Amino acid sequence: MEDADFDLPMSQDTFHELWTNVVTNLPTMSTQNVSLAPSDRIDLLDQNMDFSLLISPEMPTQDFSNPPASTVPVTSDYSGDYGFELRFQESGTAKSVTSTYSEKLTKLYCQLAKTTPIGIFVTKEPPQGAVLRATAVYKKTEHVAEVVKRCPHHQSEDSSDNKSHLLRVEGSQLAQYFEDPYTKRQSVTVPYERPQLGSVVTTILLSFMCNSSCMGGMNRRPILTILTLETPEGKVLGRRCFEVRVCACPGRDRKTEEENKEKNGTKQTKKRKSTPAPDTSTMKKSKSASSGEDEDKESFTLTIRGRNRYLWFKALNEGLELMDKVGNKKQKQEIPAPSSGKRLLRERSDSD
């Protein structure tokens, strides 16, 4: 009994010492949390808390610089309230030029991976944070649903992160490259900058990283480049569209295509001015329909050079007309009149 009385105080002292050691050795953060004021607690949370843990991984983050792309992009020009226009430098059709623009064809000719300066003109300053977006699409309706990308050969030679993008913006570290998650269409944006002092346009440098004839890429399919002026939220303020051909000799190809268009235009005007040739099929049908009637009296005009040749054709025409008159008279004489017996038979049959 004495031993039990002796052990009880010892166990209480031992527990008291243990509890004292635990309280004194608690972490500093725990003691501060208990005694801190509300304002100090907020500062502590701002310094040590990881707010990324509060964001659900399934919650999508909204990207104002890359709005959803439409399935079929609009290729019509739209100047908008800001008078959005494009201005190209006059380069001519020399063989040494790296890029040239045709006003007649609304078409840009440029070399592979060579910069093309394009001037951006607006009548008034766009909103703060406006961007310029460049997108490439196929021109023909049977290819417009496909995405314009570089060919596998040129992609393999490029080690950049944007190696599949056909369009590049040169000379700007603020250029951003996007790929729509739904349509997979690729585009590049660059912030709009005010024109420099003494200029009315803002110049951007575009380059095309694949030839139009590359197999596995454009494969000789014509493409269109769409340049849009957009707000930071993706609202379109203006749109311009032009055709692009990436080739080895832009000046030569531009000159050839412009000449071909002029030739086609002159041929069409000549066809309209010339007299239409008679349609033999319609003539045959009219002759078969009017088997017992006179031939068509339709007249035609023939232009002949030289008086001697004209007189020869005139004599030939008069002879043919005379033969037609004689032939018609003979046909009328050869047709026998019906006999009276036949007439009686027909009358009897009708009366019966």
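**View 1. The bridge between Gly119 and Thr203 in the four-stranded sheet.** In this predicted model, Gly119 has Thr203 of β9 as its bridge partner. The two strands concerned, β4 (residues 116-121) and β9 (residues 202-208), pair in the antiparallel sense over five bridges. They belong to an open sheet of four strands, ordered β1-β4-β9-β6 and with antiparallel pairing. The edges of this sheet are occupied by β1 (85-88) and β6 (167-170), each of which has a single partner strand, so that one side of each is left without a neighbour in the sheet. From one strand to the next, the twist of this four-stranded sheet averages 40°.

**View 2. The open sheet of seven strands and its edges.** The strands of this sheet follow the order β2-β3-β11-β10-β5-β8-β7, and their pairing is mixed. Because β2 (99-102) and β7 (176-179) stand at the edges with a single partner strand each, one side of each is left without a neighbour in the sheet. The twist averages 25° from one strand to the next. Within the sheet, strand β10 (residues 223-230) and strand β11 (residues 236-246) run antiparallel and are joined by eight bridges, and Ile223 has Val244 in β11 as its bridge partner.

**View 3. The hairpin of β7 and β8, with Lys184 in its turn.** Strand β7 runs antiparallel to strand β8 (residues 186-191), to which it is joined by four bridges, and Phe178 finds its bridge partner in Ser187 of β8. Six residues lie between the two strands of the hairpin, and Lys184 in the turn has a positive phi of about 65°. Most residues other than glycine have a negative phi. Lys184, which is not a glycine, nevertheless has a positive value. With a relative accessible area of 40%, Lys184 is partly exposed.

**View 4. Arg220 and Arg221 in the loop between β9 and β10.** Arg220 lies in this loop and, although a residue other than glycine, has a positive phi near 65°. Its relative accessibility of 66% places Arg220 in the exposed class. Arg221, by contrast, counts as buried at 18% relative accessibility. The side chain of Arg221 meets that of Glu146 in a salt bridge with an N to O distance of 2.8 Å. This pair links distant parts of the chain, since Arg221 is in the loop between β9 and β10 whereas Glu146 is in the loop between β5 and α4, 75 residues apart. Glu146 counts as partly exposed, at 36% relative accessibility.

**View 5. A network of salt bridges that includes Lys139 and Glu243.** Salt bridges that share partners join Lys107, Lys139, Glu243 and Glu257 into one network. The side chains of Lys139 and Glu243 meet at 3.0 Å, N to O. Lys139 lies in the loop between β5 and α4 (152-156) and Glu243 in strand β11, so this pair ties together parts that are 104 residues apart in sequence. Lys139 counts as partly exposed at 43% relative accessibility, whereas Glu243 counts as buried at 12%. Lys107, found in strand β3 (residues 107-110), is buried, with a relative accessible area of 9%, and its side chain makes a polar contact of 2.9 Å with the side chain of Glu257.

**View 6. The salt bridge between Arg194 and Glu125.** The side chains of these two residues meet at 2.7 Å, N to O. The partners come from distant parts of the chain, Arg194 from the loop between β8 and β9 and Glu125 from the loop between β4 and β5 (131-138), 69 residues apart. Arg194 is exposed, with a relative accessible area of 60%, while Glu125 counts as partly exposed at 44% relative accessibility.

**View 7. Arg252 in helix α5.** Arg252 is found in helix α5 (residues 250-273) and counts as partly exposed, at 46% relative accessibility. A polar contact of 3.3 Å joins the side chain of Arg252 to that of Asp253. The C-alpha atoms of Arg252 and Val97 are separated by 9.5 Å, although these residues are 155 residues apart along the chain.

**View 8. A nonpolar patch on the surface.** Leu302, Trp312, Phe313, Leu316, Leu320 and Met323 form this patch, and together they have about 670 Å² of accessible area. Leu320, one of its members, is found in helix α7 (residues 307-334) and counts as partly exposed, at 46% relative accessibility.

Key. Residues numbered from 1 in each chain as written. Predicted model: local features only at pLDDT ≥ 70, side-chain atom pairs only at ≥ 80, totals over all residues. Heavy atoms only, no water. Pairing = 2+ DSSP bridges. Axes fitted to C-alpha atoms, helices over the stretch in contact; angles between N-to-C directions. Buried < 20%, exposed > 50% of the residue type's maximum accessible area, 1.4 Å probe, protein only. Polar contact = N/O pair within 3.5 Å; in protein donor to acceptor, adjacent residues only side chain to side chain. Patch = residues over 30% accessible without salt bridge, like charges linked within 9 Å, V, L, I, M, F, W, Y side chains within 5 Å. Areas by Shrake-Rupley, 256 points an atom, 1.4 Å probe, with all protein chains shown as cover. Salt bridge = Lys/Arg side-chain N within 4 Å of Asp/Glu carboxyl O.
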